[in-house]
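Work through the exercises below with the sequence and the coordinates at hand. Each task is followed by a worked solution.

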Amino acid sequence: MRARKSPRAAAIAACLVIMALGGALLSACGSTEPRNLLESIRNGSVILGTKYDQPGLGQRNPDKSVTGFDPAVSTYVVNYIADQLKVPHPKITWRETPSAQRETLIDNGEVDMIAATYSINAARSKKVDFAGPYLINYQGLLVRSDDESIKTLTDLEKGKKLCSVTGSTPAQNVKKQLPGVQLQEYDSYSSCVEGLRRGKVDALTTDEVILAGYAKFWEGEFKLVDMTYPNAYCGSKDYEGKTVDNYIKAG
């Protein structure tokens with residue numbers, strides 16, 4: 001991967017999969033308990049979480065199929081584990097996992113594993129088990145294609161409304177680094193995109209790869225803005241997860 005010459009608005013986001021392993025680093029919620037991914041694979045059926053509203057990464061289609069990079073990663077992982085366990089590839093059921101609900105769905109035993117553009121940090125790694133990373137990217141900024149008032153990150157502090165998703169890493173980065181921005185937190189990125197299209201917000205921030213998917217899907221309506229700015233705004237370091245083979249050995 002080519003190195004960027006300029007520091008980015010946020011730390012590099014390492015996307016990982018969250019695995020349920022029947023207790024390791026996971027706390028039960030009420031009477032429910034986390035599922036065990038390896039056991040589910042042995043039993044022939046798994047429930048996998050992903051996003052339903054991110055073109056190219058995780059999207060539910062009109063025929064109810066789920067496609068994108070994250071579902072492809074999930075499918076590869078569970079089939080790889082099945083091969084290592086010498087059992088048939090399991091039946092996959094998909095479950096939508098909004099950003100604010102990812103840990104809860106794992107804790108409550110509603111999914112076996114999640115791949116949903118989920119960046120890892122120290123706080124999250126205390127709650128769930130990660131494997132990866134499988135994708136590294138930067139935080140980006142999406143604006144309407146005809147908007148010339150936002151050319152740099154600091155333009156957002158001139159009374160602009162910025163949208164991100166509740167519980168997401170980008171939203172937390174913005175709160176810390178640009179306190180003067182009017183941050184609007186929605187429940188999904190697709191809601192942010194609709195708000196941007198209708199003029200209710202002026203920009204959307206999240207991972208660049210997610211924004212590129214929206215820009216392609218709504219071709220001609222949006223453009224990406226470079227988020228480079230001084231070193232003082234650089235974010236925190238990455239945290240590496242385990243490999244899938246670690247989990248197979250542990251299970």
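A disulfide is taken here as a pair of cysteine sulfur atoms within 2.5 Å. The model is predicted, so local features need pLDDT of at least 70 and side-chain atom pairs count only at pLDDT 80 or more, while totals for chains, interfaces and linings use all residues. Residues are numbered from 1 along each chain as its sequence is written, and side-chain values use heavy atoms, with hydrogens and water left out.

**Exercise 1. The disulfide**

Find which cysteines a disulfide joins, and determine the handedness of the bond.

Solution. Step 1: the structure holds one disulfide. Step 2: its partners are cysteine 163 and cysteine 192, with an S to S distance of 2.0 Å. Step 3: the torsion about the S-S bond of this pair is about -70°, so the disulfide is left-handed. Step 4: the pair links distant parts of the chain, since cysteine 163 belongs to strand β10 and cysteine 192 to helix α6, 29 residues apart. Helices (H or I, at least four residues) and strands (E, at least two) are DSSP runs, numbered from the N terminus. Step 5: cysteine 163 and cysteine 192 are both buried, where buried means under 20% relative accessible area, exposed over 50%, and partly exposed in between (1.4 Å probe, protein chains only).

**Exercise 2. The chain as a whole**

Describe the chain by its elements, its burial and its contacts.

Solution. Step 1: count the elements, which gives eight helices and 13 strands. Step 2: of the 251 residues, 47% are buried. Step 3: take contacts (heavy atoms within 4.5 Å); among those with a separation of 6 or more, 69% are between residues 24 or more positions apart. Step 4: the exposed area is about 12000 Å², of which carbon and sulfur atoms supply 49%; accessible areas come from the Shrake-Rupley method with a 1.4 Å probe, and for residues only the protein chains shown count as cover.

**Exercise 3. The five-stranded sheet**

What is the strand order of the open sheet of five strands, and which strands stand at its edges?

Solution. Step 1: apply the pairing rule, by which two strands pair if DSSP finds at least two bridges between them. Step 2: the order is β11-β10-β12-β9-β13, with mixed pairing. Step 3: β11 (182–186) and β13 (222–225) are the edge strands; each has a single partner strand, so one side of each is left without a neighbour in the sheet. Step 4: from one strand to the next, the twist averages 35°. Step 5: look at β9 (residues 139–144) and β12 (residues 203–207), which run antiparallel and are joined by four bridges. Glutamine 139 has aspartate 207 in β12 as its bridge partner.

Step 6: add the helices. Helix α5 (residues 169–177) lies across β9, β10 (161–165), β11 and β12, and runs at about 160° to β11. Helix α7 (residues 208–217) lies across β9, β12 and β13, at about 130° to β12. For these angles, axes are lines fitted to C-alpha atoms, for helices over the stretch in contact, and angles run from 0 to 180 degrees between N-to-C directions.

**Exercise 4. The largest nonpolar core**

Identify the residues of the largest nonpolar core that touch the most other members, and list the contacts of leucine 142.

Solution. Step 1: a nonpolar core is a set of buried Ala, Val, Leu, Ile, Met, Phe, Trp, Tyr and Cys residues joined through side-chain atoms within 4.5 Å. Step 2: the largest has 15 residues, and Leu142, Tyr189, Leu196, Leu204 and Tyr214 touch the most other members. Step 3: β10, α6 (189–198) and α7 are the elements that give two or more residues to this core. Step 4: neighbours within four places in sequence aside, the contacts of leucine 142 include Leu196, Leu204, Leu211, Tyr214, Phe222 and Leu224.

**Exercise 5. The three-stranded sheet and lysine 64**

Give the order of the open sheet of three strands, then state whether lysine 64 is buried or exposed.

Solution. Step 1: the order is β3-β4-β5, with antiparallel pairing. Step 2: β3 (53–54) and β5 (66–67) are the edge strands, each pairing on one side only. Step 3: two bridges join β3 to β4 (residues 58–60), and glutamine 54 has glycine 58 in β4 as its bridge partner. Step 4: lysine 64 is in the loop between β4 and β5. Lysine 64 is exposed, with a relative accessible area of 59%, and its phi is near 75°, a positive value in a residue other than glycine.
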